[in-house]
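Me: Please take a close look at the interior of this model, and set out which residues pack together there. Please finish with the features that lie around it.

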Amino acid sequence: MIQVKNRNALITGSSRGIGQQVALGLANLGCNIIIHGRSPESCSKTLKMLEKFKVNAHCVYGELSDESQLDDLIEQVKDLKISVDILYNNAAIMSPYRHDFWSHSFEDWMTSFKVNVYAMYKLSSAFIPIMIENGFGRVVNLTSGIEDQPELAPYGASKWAVNKLTDDIAVKLENTGVRINRLDPSWLRTDLGGSSADYAVEEVLPGALAPVLIENEGPNGQLFLAIDHNLNSEDFKKS
Ligand SMILES: NC(=O)c1ccc[n+]([C@@H]2O[C@H](COP(=O)([O-])OP(=O)(O)OC[C@H]3O[C@@H](n4cnc5c(N)ncnc54)[C@H](OP(=O)(O)O)[C@@H]3O)[C@@H](O)[C@H]2O)c1
């Protein structure tokens, strides 16, 4: 397991939910955090929660379905003049649940793919080439175990596309020191997951950190499960 002390992690959608937990988990290991949400205000809670850790925390913001805001977000990160060693592509939206699953609109499809897939691709293109130059990087793409639910077809298909994109990029990262993997967080009680979900959001730790803490020759293009009861939480204690 590698050390992430003094590394820098950009975590999209870390203003709340799973991304916020990942921010707390990495900060606990001494990793500096770049928090992202849709507005500066939305990041403030996570910023406050990170105060107890001796790490640097920055806020960047942007609506991921809007290309100009996505470009601006990348500029905000580059203006920090720090390397992005860890890119945690966590932010996503779930398309509306449609009982009539033939009624998903153009907007449902386009927005799901803009936020959940295109933004992931664009952020990867901004930061992975620099990781390769640096000989180190960890990229984690949030997927889902969703299946057999055409009522959420745009969301489900976007997560299938996340898997495909992850696998295809992984092939290009052999022997670079950069690893890209996908994480299925399980069904968690968040704004997206809803109140009936199986697990509290806090239970995403420590499993969600596993694809970050792998060695340079570790898994690439693989699926990690955040709620894996075979994990030994002692391994994730602050080093
Ligand atoms: N929760 C589950 O059960 C579950 C299951 C499987 C997979 N996942 C995946 O896990 C990831 C995180 O889910 P979550 O449950 O933590 O979600 P969440 O609680 O709804 O949080 C979403 C986060 O993403 C940001 N975000 C949402 N829409 C955005 C947009 N259009 N542009 C920019 N940022 C946006 C939000 O920022 P603001 O606060 O500024 O709005 C927030 O930080 C997602 O990829 C999701 O698909 C979740």
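Reply: The account below begins with the cores and then moves outward to rings, charges and backbone.

The model is predicted, so local features are given where pLDDT is at least 70 and side-chain atom pairs at pLDDT 80 or more, whereas totals for chains, interfaces and linings use all residues. Residues are numbered from 1 along each chain as its sequence is written, and side-chain values use heavy atoms, without hydrogens or water.

The largest nonpolar core holds 36 residues. A core here is a set of buried Ala, Val, Leu, Ile, Met, Phe, Trp, Tyr and Cys residues joined through side-chain atoms within 4.5 Å; buried means under 20% relative accessible area, exposed over 50%, and partly exposed in between (1.4 Å probe, protein chains only). Within this core, Val4, Ile11, Leu26, Ile33, Tyr88, Leu183 and Val212 touch the most other members. Two or more residues each are given to the core by strand S1 (8-11), helix H1 (17-28), strand S2 (32-37), S4 and S5. Helices (H or I, at least four residues) and strands (E, at least two) are DSSP runs, numbered from the N terminus. H1 supplies the largest share of the core, 6 residues. A separate core of 29 residues lies apart from it, with Val117, Met120, Ala126 and Ile180 among its members. In soluble globular proteins, nonpolar side chains tend to be buried together.

Tyr88 shows how distant parts of the chain meet in the largest core. Beyond its neighbours within four places in sequence, Tyr88 is in contact (heavy atoms within 4.5 Å) with Leu10, Ile11, Thr12, Val22, Val140, Leu142, Leu183, Ala208 and Val212.

Asn90 is found in the loop between strand S4 (86-89) and H4. Its relative accessibility is 11%, and Asn90 therefore counts as buried. With residues up to four places away in sequence left out, Asn90 touches Ile11, Thr12, Gly13, Ile18, Gly19 and Leu142. A polar atom of the Asn90 side chain lies 3.0 Å from the backbone oxygen of Gly13. For a polar contact, two N or O atoms lie within 3.5 Å; within protein, one must be able to donate a hydrogen and the other to accept it, and residues adjacent in sequence count only if both atoms are side-chain atoms.

The helices carry further buried positions. Helix H5 (residues 153-171) has 19 residues and spans 28 Å from its first C-alpha to its last, close to the expected 27 Å, that is, 1.5 Å times one less than its number of residues. Its buried residues include Tyr155, Ser158, Ala161, Val162, Leu165, Thr166 and Ile169. The buried residues of H5 pack against helix H4 (106-134), strand S5 (137-142) and strand S6 (178-184). An α-helix has 3.6 residues a turn, so residues three or four places apart point the same way.

Ile74, in helix H3 (residues 67-79), is buried with a relative accessible area of 7%. Not counting residues up to four places away in sequence, Ile74 touches Lys122, Leu123, Ala126 and Phe127. The ring of Phe127 also has Lys78 over its face, at 5.9 Å from the ring centre. Elsewhere, the charged end of Arg7 sits over the ring of Phe136, 3.7 Å from its centre. A charge sits over a ring if NZ of Lys or CZ of Arg is within 6 Å of the ring centre and within 35 degrees of the ring normal. Tyr121 lies in helix H4 and is partly exposed, at 43% relative accessibility.

Around this interior, several backbone features stand out. A cis peptide bond, with omega of about 5 degrees, joins Leu205 and Pro206; Pro206 belongs to the loop between strand S8 (199-200) and strand S9 (223-225). Asn175, in the loop between H5 and S6, has a positive phi of about 60 degrees although it is not a glycine. At 69% relative accessibility, Asn175 counts as exposed. Ser186, in the loop between S6 and strand S7 (188-189), likewise has a positive phi, of about 80 degrees, without being a glycine. Ser186 is partly exposed, with a relative accessible area of 33%. Most residues other than glycine have a negative phi, and most peptide bonds are trans.
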